[in-house]
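This report describes one protein chain, starting with its overall build and ending with three of its residues. Please look at the sequence and the structure before reading on.

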Amino acid sequence: ESVVPADARFSGVMDTRDGIVVAGLPIAEAFFRALEPDMRIEILVEEGAEVPSGTDLMRLEGNARAMLTAERSALNTVQHLSG
């Protein structure tokens, strides 16, 4: 909170470093929405899809503080479920 202004906006993409079978994106979305219900989120692949490394999974745009707070939990969830 001391380094990111309260009104700062951010956009980003969740992608994968490895080939995976995608699982957990709706749960990841819930982490972000819990902190900013109006965050723009676009899920780019379906649950259960097998994707190669480097695939974009989700696009996000919203409050930077909310996104940075939720991102580790969201990424860990998708990583563990897709592993």
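The text below goes from the whole chain to single residues.

**The chain as a whole**

The model is predicted. Its protein chain contains two helices and five strands. Read from the N terminus, the order of these elements is β-β-α-β-β-β-α. The radius of gyration of the protein chain is 13 Å, close to the 12 Å that the globule rule gives for 83 residues, so the chain is as compact as a globular protein of that length. The C-alpha trace spans about 40 × 20 × 20 Å along its principal axes.

How much of the chain is buried? Of the 83 residues, 37% count as buried. The protein chain exposes about 5200 Å², and 50% of this area comes from carbon and sulfur atoms.

Contacts can also be sorted by how far apart the partners are in sequence. Among contacts in the protein chain with a separation of 6 or more, 71% are between residues 24 or more positions apart.

The protein chain carries 7 positive and 14 negative charges, and the mean positions of the two groups are 5 Å apart.

**Three residues**

The table lists three residues with their places and relative accessible areas.

| Residue | Place | Relative accessible area |
|---|---|---|
| Thr-55 | loop between β4 (50-51) and β5 (56-63) | 16% |
| Glu-36 | loop between α1 (25-35) and β3 (40-43) | 12% |
| Thr-69 | helix α2 (residues 64-82) | 56% |

Is Thr-55 buried or exposed? Buried means under 20% relative accessible area, and Thr-55 has 16%, so Thr-55 is buried. A polar atom of the Thr-55 side chain lies 2.6 Å from the backbone oxygen of Pro-52. Apart from neighbours within four places in sequence, Thr-55 is in contact with Met-14, Asp-15, Thr-16 and Val-45.

Glu-36 also sits in a loop, between α1 and β3. Its relative accessibility is 12%, so Glu-36 counts as buried. Which residues does Glu-36 touch, not counting those up to four places away in sequence? They are Arg-9, Gly-62, Asn-63 and Ala-66.

Thr-69 belongs to helix α2. Exposed means over 50% relative accessible area, and Thr-69 has 56%, so Thr-69 is exposed. How far apart are Thr-69 and Leu-35 in space? The distance is 8.2 Å from C-alpha to C-alpha, while in sequence Thr-69 and Leu-35 are 34 residues apart.

Key: Residues numbered from 1 in each chain as written. Predicted model: local features only at pLDDT ≥ 70, side-chain atom pairs only at ≥ 80, totals over all residues. Heavy atoms only, no water. Helix = DSSP H or I, 4+ residues; strand = E, 2+ residues; numbered from the N terminus. Rg over C-alpha atoms; globule rule 2.2 N^0.38 Å. Buried < 20%, exposed > 50% of the residue type's maximum accessible area, 1.4 Å probe, protein only. Contact = heavy atoms within 4.5 Å. Areas by Shrake-Rupley, 256 points an atom, 1.4 Å probe, with all protein chains shown as cover. Lys, Arg positive; Asp, Glu negative; His and termini not counted. Charge placed at Lys NZ, Arg CZ, Asp CG, Glu CD. Polar contact = N/O pair within 3.5 Å; in protein donor to acceptor, adjacent residues only side chain to side chain.
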